[in-house]
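User: I'd like a close look at a single part of this model, please. Could you take me through the side of one chain that touches the other, and then what lies around it?

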Amino acid sequence: MEENIRDGRPIISIIKKLRRFKKDFKRMNAPEGLFERCNGCGDLVPKNKIGERFYTCPECDYHFNISSGDRMNMLLDEYKVINRTYKFINPIDFPGYKAKYKENRKKSGLREGILTVEGYLNGIKLVAVALDNRFFMGSMGSYIGEEITRAFEYAGKRDLPILIFSTSGGARMQEGIFSLMQMAKTSIAVERYGETKNLYISCMTNPTTGGVTASFASLGDIMLAEPGALIGFAGARVIKETIKGELPEDFQRAEFLKEKGFLDEIVHRKDMKEYIYKLLKLHGYRSCKG
Amino acid sequence: MIKELEEMLKELEEKKQNQEAFKIKRKQIIEEYKSKLTPYHRVQLARHEKRPKAKDFIENIVSEPMFFHGDKLFSDDRSIVGGVGYLGHVPITFIGTNKGKTLEENVEYNFGMPKPEGYRKALRLMKQAEKFNRPIITFIDTPGAYPGIDAEERGQGEAIAINILEMSRLEVPIISVFTGEGGSGGALALSVANKIIMMENSIFSILSPEGFATILWKDGTLYEKATEVMKLTAKDLYDYKIADRVIEEDISFSMKGFQENFARLKEEIIKELESLRKKSPARLVKERQNKYRKIGGGY
């Protein structure tokens, strides 16, 4: 279904690519003295060093949040965006949602909190999806639910593996019950995709919570996470209020989840591409190039 | 206002006038109040301590109920009641999220908030139903999944996700009845159904109004304001085509006063079940999955 592919406006996308390249170039070549505070160890670390290490801290391996675009650039040889046209819908006529939406667009430079692409990882064709928490904290409303569902349908129809990097504050409150229903819709999309016997790799990144944890993100054939990622269903504050006590130190961290038996593996960002490549190869997906 | 209505109905019941006059007067009072109910009042009714709980619904609708226990993995979650019985002459499996009417009962049932073992218990019973080709009826009355350390340790998110996925492909009819409060993923995890029936004064929402206000406005005390914008009443859900039927309610704060509501609900479930049982397993699954596929798809 070629009309699924949003390939219009080539000039704009070239300009955007150039801009991104320029931005990346600047960042990579930032003079010493341009530092960033690491949320992990609290050290000031040179930005260019972080960039060289796939946006992880050279001191403590803290994984910085990265954009959905950076995620794709890091993992894939090449890709095309398959998100459909963006449209603002206010399903429960929530007061102030539109203004808040516009504000999020302006602040993040994104049109929504999800990027869906078809691309190649070491030559293996796949569908890759990344949520982006700069937009509404990556919360899942109807648009994201629909895009996730379409990504599974797209991959299923073409017998492609699918890779999802989630990061989300949960369901998007402003869309009320429609957000909740996206949990059902996306989980059913996983079920239907599963019928095609193709591989779904889910990688949870910092933070993945609420309705996203309780739906498609927990349903991967292979469950991965980045080191230190916060992963859970209920928010830490709510739990604290409920139990009226303190929480264990590594509570809801990837390492905690692995110990409790809910993750197959925790993979460092620098090893992610190779790790996924090995998985794809083992499941019989072959490079279509060379 | 709900308190006022409760007092009036109580007074009326105590007067012990003749049955006809009582019924007419009661109808009058209820109608008068109904026209004034705001979503906030509906939430109060849905959560009212004297409102029949899921177990009461089960015992008044299912005949010869037998209650089963445990997820056969970890423990028996008391907030989930489930088992087998008859609806009319048809053997069915029932599942309910149960609240208590007193503090002691509520502690026992964890205020109707299941932990992962509760969702896994429900799933075990639903798979058993599928094996023996029994329709499944779920009765929802829960603030949501329990937010606690132990629940997170045992994979609350995973348990809910798995239930949603598995329910979507069960090859038997599934009907979900919202009897009171339907909160969040905890309610969704037991309501992926062919038909959703809501009692007139039940609610179904993305989160509790308190939680909603806390997240959006950083102030949980604004929950009344939250109920005005959340669109969580049975009528809202029906208008959004998420609920398939709404059962008209005589507002009541006693089991006796609720009998007609039970009867209306039972009749509706039997009717729905009759048409669902004529469908092939494949069609049941397809229709159920397609129903959710369409929600929020206008892009």
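Analyst: Happy to; I'll begin with the contact between the chains and then turn to one helix, one residue and a pair of domains.

A quick word on the basis: this is a predicted model, in which local features need pLDDT of at least 70 and side-chain atom pairs count only at pLDDT 80 or more, while totals for chains, interfaces and linings use all residues. Residues are numbered from 1 along each chain as its sequence is written, and chains are lettered from A and ligands numbered from 1 in the order in which they are written.

The contact draws 46 residues from chain A and 41 residues from chain B, where two residues are in contact if their C-beta atoms, placed from the backbone, lie within 7 Å. On the side of chain A that touches chain B, two or more residues come from each of α5 (142–157), α6 (176–194), α7 (210–213) and α8 (236–243) of chain A. Helices here are DSSP runs of H or I with at least four residues, numbered from the N terminus. With 15 residues, α6(A) supplies the largest share of that side. By class, the side has 26 nonpolar, 13 polar and seven charged residues; Ala, Val, Leu, Ile, Met, Phe, Trp, Tyr, Cys and Pro count as nonpolar, Asp, Glu, Lys and Arg as charged, and the others, Gly among them, as polar.

Now to α5(A). Of its 16 residues, 14 are buried, so the helix is mostly covered; buried means that 20 or more other C-beta atoms lie within 10 Å of a residue's own, with C-beta atoms placed from the backbone. At 1.5 Å a residue, α5(A) should span 22 Å, and its end C-alpha atoms are indeed 22 Å apart. The expected span is 1.5 Å times one less than the number of residues. After α5(A) comes Asp159(A), with a positive phi near 55 degrees.

Over in chain B, Tyr109(B) sits in the loop between α5 (103–108) and α6 (116–131) of chain B. Tyr109(B) is buried because 24 other C-beta atoms lie within 10 Å. Leaving out residues up to four places away in sequence, Tyr109(B) touches Arg78(B), Ser79(B), Asn98(B), Lys99(B) and Gly100(B).

Finally, chain B is divided into domain 1 (1–36) and domain 2 (41–293), with bounds from an automatic or database domain assignment. Their centres, taken over C-alpha atoms, are 29 Å apart. Seven residues of domain 1 of chain B are in contact with seven residues of domain 2 of chain B.

Key:
Buried ≥ 20, exposed ≤ 12 C-beta atoms within 10 Å, placed from the backbone.
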